[in-house]
Amino acid sequence: MYSFEFARPGSIDEAVKALKAEEAQALGGGQTLIPTLKQRLAAPSVLVSLSGIAEMQGVCVSDDNALCVGGATPHAVVAKEAAKSFPALAGMASRIGDPAVRNRGTVGGSLANNDPSACYPAAALGTGATIKTNAREIAADDYFQGMFATALDEGEIITEVRFPIPEKANYQKFVQPASRFALVGVFVAKYASGVRVAVTGASEDGVFRWTEAEEALSKDFSAKAVEGLKVSADGMISDLHGPAAYRAHLVGVLTGRAVNAAA
Amino acid sequence: MPKDSGIGAASKRREDVRFLTGKGKYTDDINLAGQAYVHFLRSDVAHAKIVSVDTSAAAAMPGVVRIFTGDDFSGVGGLPCGWQVTDRNGQPMQEPPHPVLAQGKVRHVGDPIAAVVAESAAQARTAAEAIEVTLDELPPQIDMAAALKDGAPKVHDELTSNLCYDWVFGSDDAAIDAAFSGAAHVTTLDLVNQRLAPNAMEPRVAVGDYNDAAGDSTLYTTSQNPHVIRLLMGAFVLGIPEHKLRVVAPDVGGGFGSKIFHYAEEAFCTFAAKELKRPVKWTASRSEAFMTDAQGRDHVTKIELALDADGKFLGVRTHTMANMGAYLSTFAPSVPTYLHGTLMAGNYTTPAIQVNVKAVFTNTVAVDAYRGAGRPEATYQLERVIDKAAREMGMDPVEIRRKNFITSFPYATPVAVEYDTGNYVATMDKLLEMIDREGFEARRAEAASRGKLRGLGINCYIEACGIAPSALVGQLGARAGLYESATVRVNATGGLVVMTGSHSHGQGHETSFAQVVADMIGIDENMVEIVHGDTANTPMGMGTYGSRSLAVGGSAMVRATEKIIAKAKKIAAHLLEAADTDIELKDGQFTVAGTDRSVAWGDVTLAAYVPHNYPITEIEPGLEETAFYDPNNFTYPAGAYACEVEVDPDTGKVEIKGFAAADDFGNIVNPMIVDGQVHGGIAQGIGQALLEDCRYDETGQILTGSYMDYAMPRADDLPFYQVDHSCQTPCTHNPLGVKGCGEAGAIGSPPAVVNAVVDALQRGGMSHVTHIDMPLTPSRVWAAMQG
C-alpha cells in the first residue's frame, strides 16, 4: 500500500467536497479497493470514507413501495432489515461473500465498482432500481455501462438505491468455487407491469437483461415458459472456471430455478 | 475400554492451547533488534535473458540498506538437490544449477532477480519498484509434451534438452510384453494428476541473524526439518560449518511437504545478515507463496492394465510425464520415481509391472513433495484404471479388487518394495460395513426422484511411509540418510524432556510423543515435555514428512527411553539391593520381582543426580540417553475408501453425500489425533478431486495466483466423514508397531470421488463418460455429460 491521506466526512456535502481533491478516491466498504491498494495497483492521494455519513445508512420502505437502501449500508444490514419487506433482495445480500465481507461491503460500493460477477448489479437491474446520487437519479437501465463501467461521474457518490418491491422475486447464484462470486447469477422479479430478468457473472459486457426470457415470463410466469429459451454464448465470459457455452447454459437453468423459487 | 492416558488414549492436544489462544510463536513473531527487511524483485515473465539490472536509482531510495543481485552470489553455491535419479541408460539425471538469485536468465514467474534490504518492508518494496530490469524474453516452455520436442527452446541452456531423466522401473520388457500379449482384456486410461499449490495457512518466513563477536549464524525459518536445512545450506550453499550455524523452526503453521525444501530466501537471509551484520527478515505474501512454494503433483499419465478373462490382473504398464518446473527442488526427482513407481502394485498381486517416467523442465514453479508425494499419483491412476476395467468387463468394482488382493505377507512386489504386513480383506469388509452398500440403490432412486444422479465410488490404497532405510534410499539415489533421533533427558525430580529430530507443524507430536514415553515408564503424560525444531538443542534429525515421525522418530524415542529404563533399573537394583535383572518397572514403580519391595521412579531419578547412595563405580551419574533409529523397511499403511455423490445434471455440480475411510495404520497412539489427520487428508484429497487446480497460461503466467481463482476446500464443501482405524496389522519391524497416518487421507480419497462421479453418470445413462480429469468442476462434469 502506498501512503495516502484519509478523510471520514460526516455528511454527503463534506464527502463531495473532499472528493474534489486531486486523485481522491471514495471508499465504501473497501472490499475491492483495499486489496487493490495492498497490491499497489492504485495510488490515491486521499481516501474518502463514506462510512461515517449517517444519512447514507439504513433500510426503509417508501410510500411508493420501494426498498430504499442507504448507499453506505452494509450487506449484512440489508440481509437483516429487508428480510420481511423484500426477501429476495435480503437473500441475495445474505449470500454475498462471507460474514466479514457482508459486514463491511456496501450496496453503493458494489454498484459503483460494477464487478461483472457481483450480485448487486443483478438485483438493481432486475428490479429496475433507481440509483440516487448526490447530483441526480439514474435509472438502472442507464446506469450499467459494461464491465466496471457505470454512468457515475468523477466524484459522484451513490447516496441511496431504491429497489421497487416486486410481487415475487428470486436470485439464483451459481458460485465460482474459489472467489464465490457469481459464476452466473440471475435475478428474476415479477411486477404488475411485467417481469424483469437480469444476469450477472456471464457476459463480457457485465450485467444484462435477458429480454427474451422477460417477454416469455411476462406472458406466463413459469419455469416452463423459459425451458426452450437459450441465450447465445457469444460475448459470454470464458475462463478457467467455465467456458462461454457453460455460462450461457447456466443462464437458462438459473432463470428457471429463480422462477420456481420466486416468492 | 478406551484408555484415558498413555498409548491408545485420546489425550487432548496440549499444543492447541497456545495455537487456539494466539500464543503460538511462529517465525513471523520473531523480531530481532536492528532487524532489516528484504523484498525480492521477482520476474514477471516466465522465461527471459537478463540483459541488465540497474539498481542505482533504487539504492538511493529512502531506507535502503543494500541491494543484492545474482552477481553477489557468484562466490557461493546454488541450492542443492538431495536426490539423484539414474535414467534408463544408467546415466545420472540432468541437474541444472539453481542460484539463490537469478544469474543470466529468469526461468519462471517469481524467479528472484534482486533483493532489496531496507529499514522497513514498505521501503524495501518501494525501492524494488525503482530497479530497472531489462529482459530479453525467450519462448516459455509450459506444456511438457512441447518442452520434450526436438529443438524445443531449453529452460537451461547448459543441458542437452528439457528432459531431466527418462526412468524405467519394475519388470523387464519381456515380462511386461508377455503379460499384455497373453491378456484377455486390456484397459487403457489417459489421465492428468493436476498441479496443486500447497497453501499452508502460514506463508513462509525467514529471519537471518549473525553474531559478529562469535561468528555464528542463526536462521529462523518455517521448516519441517531444521537439521536438513542446516546441512544443505551450510555445506552446499553458504559454506558455513554446522557448529557455526543454528537453524530454528519454531511453531510452524502447516507444511504439507512444501516446507521440507531448502529455499533461496533462507539462504539469502542468512547470507545477507552476515554481510550486513544485522538481522534480515523476509515474510512471504500469499502471492509470493503461489509463485515460490514448491508445488505438487503435475503428472500426465497413460496407464494400461492387462487382465485375464476372470479379471485377474496380469500386468500394469504406465508412462508418465512429470513436471519438475524450472529448477530441481530439494527432493523433486524422488517423487515421480521412488515414491510413485514403487507403489504401482497397490494392494494387488499383479505379477508384471513396468513404470516409465519422463521428468521435464518447464518455465513454471518447481514441483516437489506435497502431502502423499507420488503415492497419490500412483493410487489415483491404478484405482481409476481398475474401476474402468471392472466396468468394461461387467464386474463389480469390489469383487475385482478382492480377486486380486495380496493376502500373504511378507509380499515382495515387482516394483522393489516388500510389504511386511496388511489385511486388505479386513479393511474392505470394514468399509462395506460402514457404508450400507445394499441400501445404495434405494438412495439412488430417492435422489433420482429429486432429479439428481447418485453414484458410489470405492477404492483401495497403499502407501509406503516411515521413510526410510538409509541404505536402501542411498541405493536409490538419496543423498541423505533417513534415520531419526531422540534424546531423553530425565530431570532429578522425575520429569523428563524428549528432544526429537522430528518436527511438529500441526501433527500433535507434543501430545502423542509424550503419551508414548509416559506409557513406557508408567508416569503421567504431563511429566514429559517434547522439544523440537532447534538444531541447538535437538540431536541431528531428518525431520517430518512421509508420515514418518511416529514410525521413525517415535521409534528413536522408544530406543532412547529403553536405555533410560535399563539404566534406571540398575540404579533401582542398587537401592533395593537386588539384581537388576530382577527389577520390574510398572506404573512408575520399580519392584523386585515376586516381592513387595519397591522404589518409585522419582527416587531413582533423584539418586541419579544426587548420587550419595549410588553404584558410582559401575555406572555414571545422570539419566540422559540418545538413540538414532534407522528403520529396516518402509511401513505400509493401507485401506479402503468410499465416496457417495450426487451430481446435478443441469449444472454438473457434484455434492459429496458421504465419505468413509477404513484405514489400517497398525497400532494407534492417539485415536483422536489419527482421526484429525485422516479428516485433514481427506479434505485435501477432496480439494484435489473437486476444486484445486494450479494453472498457467501459455506464456507462463499463473492464472490461479490468489484465492480469487485457486479454489481451496472450505467446510461447506466437505461432508461429515466416517473414519475407522480398527483394522490393525501392526508394523512388524518398528518397536511401536505403527505405520503412519499423515498422508493416507490425501492418497486414498481422490479416486473415490472420481469413481463416484463416473458411477453416477454411468448409472444416469451416460455410458460415454469413462473418465473426467480432476478437478471435477461443474463445468467439466457438465461438458463431459454433453459428450
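How far apart do the C-alpha centres of domain 1 of chain A and domain 2 of chain A lie? They lie 19 Å apart, in a predicted model where local features need pLDDT of at least 70 and side-chain atom pairs count only at pLDDT 80 or more, while totals for chains, interfaces and linings use all residues. Residues are numbered from 1 along each chain as its sequence is written, and chains are lettered from A and ligands numbered from 1 in the order in which they are written.

## Domains and their contacts

Domain bounds here come from an automatic or database domain assignment. For chain A this assignment gives domain 1 (5–49), domain 2 (56–164) and domain 3 (168–261). Where domain 1 of chain A meets domain 2 of chain A, 11 residues from domain 1 and 16 residues from domain 2 take part; two residues are said to be in contact if their C-beta atoms, placed from the backbone, lie within 7 Å. On the domain 1 side, helix 1 (residues 12–18) of chain A gives the most, with 3 residues; helices (H or I, at least four residues) and strands (E, at least two) are DSSP runs, numbered from the N terminus. That side of domain 1 of chain A has 5 nonpolar, 5 polar and 1 charged residues, where Ala, Val, Leu, Ile, Met, Phe, Trp, Tyr, Cys and Pro count as nonpolar, Asp, Glu, Lys and Arg as charged, and the others, Gly among them, as polar.

Chain B is divided into domain 1 (27–138 + 201–254 + 259–292), domain 2 (375–465 + 636–786) and domain 3 (483–629). The C-alpha centres of domain 2 and domain 3 of chain B are 40 Å apart, and their contact takes 14 residues from domain 2 of chain B and 14 residues from domain 3 of chain B. The side of domain 2 of chain B that touches domain 3 of chain B divides into 8 nonpolar, 4 polar and 2 charged residues.

The two chains also touch each other, with 14 residues from chain B and 11 residues from chain A in the contact. On the side of chain B, the largest share, 3 residues, comes from helix 19 (residues 778–786) of chain B, and the residues of this side divide into 8 nonpolar, 3 polar and 3 charged.

## Helices and what covers them

In chain B, helix 14 (residues 509–521) and helix 15 (residues 549–576) pack at an angle of about 35° with their axes 10 Å apart; axes are lines fitted to C-alpha atoms, for helices over the stretch in contact, and angles run from 0 to 180 degrees between N-to-C directions. Among the residues that make this contact are Phe513(B) and Val517(B) of helix 14 of chain B and Leu550(B) and Met557(B) of helix 15 of chain B. The residues of the contact divide into 9 nonpolar, 5 polar and no charged.

In helix 10 (residues 397–404) of chain B, the buried residues are Pro397(B), Ile400(B) and Arg401(B); a residue is buried if 20 or more other C-beta atoms lie within 10 Å of its own, exposed if 12 or fewer, and partly exposed in between, with C-beta atoms placed from the backbone. They cover an arc of only 100° around the axis, which puts them on the same side of helix 10 of chain B, the arc being that of the directions from the helix axis to the C-beta atoms. Their cover includes helix 9 (375–393), helix 11 (424–435) and strand 18 (453–462) of chain B.

In helix 4 (residues 87–94) of chain A, the residues Ala88(A), Leu89(A), Ala90(A), Met92(A) and Ala93(A) are buried, and what covers them includes helix 3 (75–81) and helix 7 (120–127) of chain A.

## Single residues in chain B

Two residues of chain B have a positive phi although neither is a glycine.

| Residue | Phi | Place in chain B |
|---|---|---|
| Arg297(B) | about 65° | strand 13 (residues 296–307) |
| Ala373(B) | about 45° | loop between strand 15 (352–361) and helix 9 |

Arg297(B) counts as buried because 26 C-beta neighbours lie inside 10 Å, and Ala373(B) counts as buried because there are 28.

A cis peptide bond joins Phe409(B) and Pro410(B), with omega about -5°, and Pro410(B) is found in the loop between helix 10 and strand 16 (411–412) of chain B.
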